[in-house]
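Reader: I am new to this structure and would like a close look at a single part of it. Could you take me through the metal site carefully, and then set it beside the rest of the chain?

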Amino acid sequence: MITAKSIEEVMSAVKIEDVIEDFVNLKRKGTNYTGLCPFHDEKTPSFAVSPSKGIFKCFGCGKGGSALNFIMEHESMSYTEAIRYLANKYRIELVETQQTQEEKEAKELSDSLYILNDFARQHYQDQLFNTDEGRSVGLSYFKERGYLESTIKSFGLGYAPNTKDGFTQAALKKQFKEEHLKLLGLTTRSDNDFFRSRVMFSIHNLSGKVVALAGRIMTNDKNQPKYINSPESEIYIKHKILYGIYQAKTAIRKEDECILVEGYTDVITLHQGGIQNVVASSGTALNKEQVKLIKRFTQNIKLIYDGDPAGINAALRGLDIILEEDMNIRLVLLPDKEDPDSFFKKQGTEKFLQFLKEQEKDFILFKADYLLQFAGQDPIKRVEVFKEIIQSIAKVADHMKRHTYINLCSNLMKMDEQILISEVAKVIDQNLKNKRVQENRDRIRAGKVEAAKADFEKNVQYEDDMPVLPLTTRLTGDEYQERDLARILICGCDKPYSEESGITIGEYLLTNIEDSLDSFENPLYKKVFIIALESMQKKEMLNPHTFVHHTDNEISILAIDFLSTPYALAKWDERNIFLQTQKLPDENFPRDAYQAIMRFKLKKIGKIIEQTQKNLSQQSEMDEEDKKLELRVLIQMQKERNEIAKMLNNVILP
Ligand SMILES: [Zn+2]
């Protein structure tokens, strides 16, 4: 573990323009720099770097963040890897907390295992190119498949000849330990080579190290499996690995899409054919860890399947995990009896890509369509299908997207949209309740409130167009405004409102909202304000901890939620009032507090106006005097509304 002090030292040395200039040509423009965005293809620069704020932002694709985020994203590094990279760049020596003996040993073991696996890869490649058996059996097999020598080398392909212990002896001669050979499964318990008479594939992790090997049989022995793999080990955890990810990661980011196929040879064939954003889940059903791995590079997954029903059925059930990760999934079915490898060879790159484009289907719609076909007119089966589809839609993280699906599926399933909406909402509520309760219990129990906050600060993003609200909450009416006020109060209560006034954000909000507390619609957000008021009346210091450690579990959960979710504001585009999205927390709390109060008032006035207008139009036999009074209220309110709207606009568009 790198010490916090070291990390701080690195971060304070970093100049964002220096860091980015290693990858992007930057031109000075006022106090900022611009250049061509490295994350999407463009001809005119929309990529900006602000040295004073220490952030970059692309106005084309929306990517943005700190120097650290840039390195993580651009170089596909983890947080720690990126810190090490920056430390190296600025020649800062990192201080690491003492490793325990156990940690040290684990590190040494995995290092030696990587070296051994790499030796094996090299050995089998040697056999492939430099022995008669290798050339006549292995190399001719790969050549038949059309693989170029460069492809064979970059994917670490090889050949394991039909010898009893040729590899094992070679490894022992190089001083590799017998126990390590067995640990990696390269040597059997009876001291023989594990891979014999097989063409060999190397399986790399994200950073390009060989974590496992796989062999495809070359004889006609029906008693042996077609493919065998290294067993899981300290360095190979099957469900965390995607075949081809090392070779594909750059292309996946560039194309902003990951193509998922089933076999090693599918990956290699497509890659050689110029379609390089392709990986395989190799043998396991796609799982959450693998989806997360893909998500580091793109939100878009395209699955290519051969069209046999048994396979599709199994696959469809597992795919909800992709939806949960807020990924977009599209599906392409190949013609009967074709796999990507064979089909690509018949079609060539261009036609193949064209086919993908024409045949791709949205996953949920495909699923609904497909299952309904099977259910036919059987009412019981149809109900099952509805339930299944509702479960899938409920997993869609983005609420706009979710709504589109509801709309499309209600047509497809000939089901009333309102019913569908409420069914989906029920499932979401239930899922959430289960998840939230569990997570927050865990967090609070573990006393990890601080950790959750630190994690948030580390991952804070500066996107202008953040996802609106946690998908979890479906807010209506005034709750947007109320939620925003509660968020600012909880997160910013102890921050100064302004130098001159000498009051805090909390005091500012409370003095402005105290009179309107009764008009809060959401009881939870109202409670937040009451707690703050009480604490202030008792002359206690109000800060986020007041809420986080509150005995009311609901309040504590809400506070943790606010503090650990990247800042996200509702889009205030109703009534054409566009507001800035909050950027750096400390910089914006006062302005946010001011705007939130204004918006809250605006909404309330809007309601009064609406009610007054309704009164006026409905009661034709109203007393003249009453009518006049109502009208006067209306005019006064409209005037006030316009003034507030103007003030808001002034703040927004200076
Ligand atoms: Zn961009």
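Author:
**The zinc site**

In this predicted model, the zinc ion has as its protein donors Cys37 (SG), His40 (ND1), Cys58 (SG) and Cys61 (SG), which lie 2.0 to 2.3 Å from the ion. The arrangement is tetrahedral because the 4 donor atoms around the zinc ion subtend angles of 103 to 118°. Along the chain, the donors of the zinc ion follow the spacing C-x2-H-x17-C-x2-C. Distant parts of the chain are linked by the pair Cys37 and Cys61, 24 residues apart: Cys37 belongs to the loop between β2 (32-35) and β3 (47-50), while Cys61 belongs to the loop between β4 (55-58) and β5 (64-65).

These two cysteines can also be described by their accessibility: Cys37 is buried, with a relative accessible area of 6%, whereas Cys61 is partly exposed at 34%. As for disulfides, which would need a pair of cysteine sulfur atoms within 2.5 Å, the count comes to 0.

Turning to the rest of the chain, the largest nonpolar core has 55 residues, and Phe142, Leu186, Phe201, Ile203 and Tyr243 have the most contacts inside it. Helix α5 (residues 101-130) gives the most to this core, with 8 residues. Once neighbours within four places in sequence are left aside, the residues in contact with Phe142 include Leu128, Tyr147, Ile152, Val199 and Phe201. There is also a second, separate core of 49 residues, and among its members are Ile321, Leu371, Cys409 and Val427.

Definitions and conventions:
Residues numbered from 1 in each chain as written. Predicted model: local features only at pLDDT ≥ 70, side-chain atom pairs only at ≥ 80, totals over all residues. Heavy atoms only, no water. Buried < 20%, exposed > 50% of the residue type's maximum accessible area, 1.4 Å probe, protein only. Core = buried A, V, L, I, M, F, W, Y, C linked by side-chain atoms within 4.5 Å. Helix = DSSP H or I, 4+ residues; strand = E, 2+ residues; numbered from the N terminus. Contact = heavy atoms within 4.5 Å. Donors = N, O, S within 2.8 Å, 3.2 Å for Na, K, Ca; no water. Tetrahedral: all angles 85-135°; square planar, octahedral: opposite > 155°, others 65-115°.
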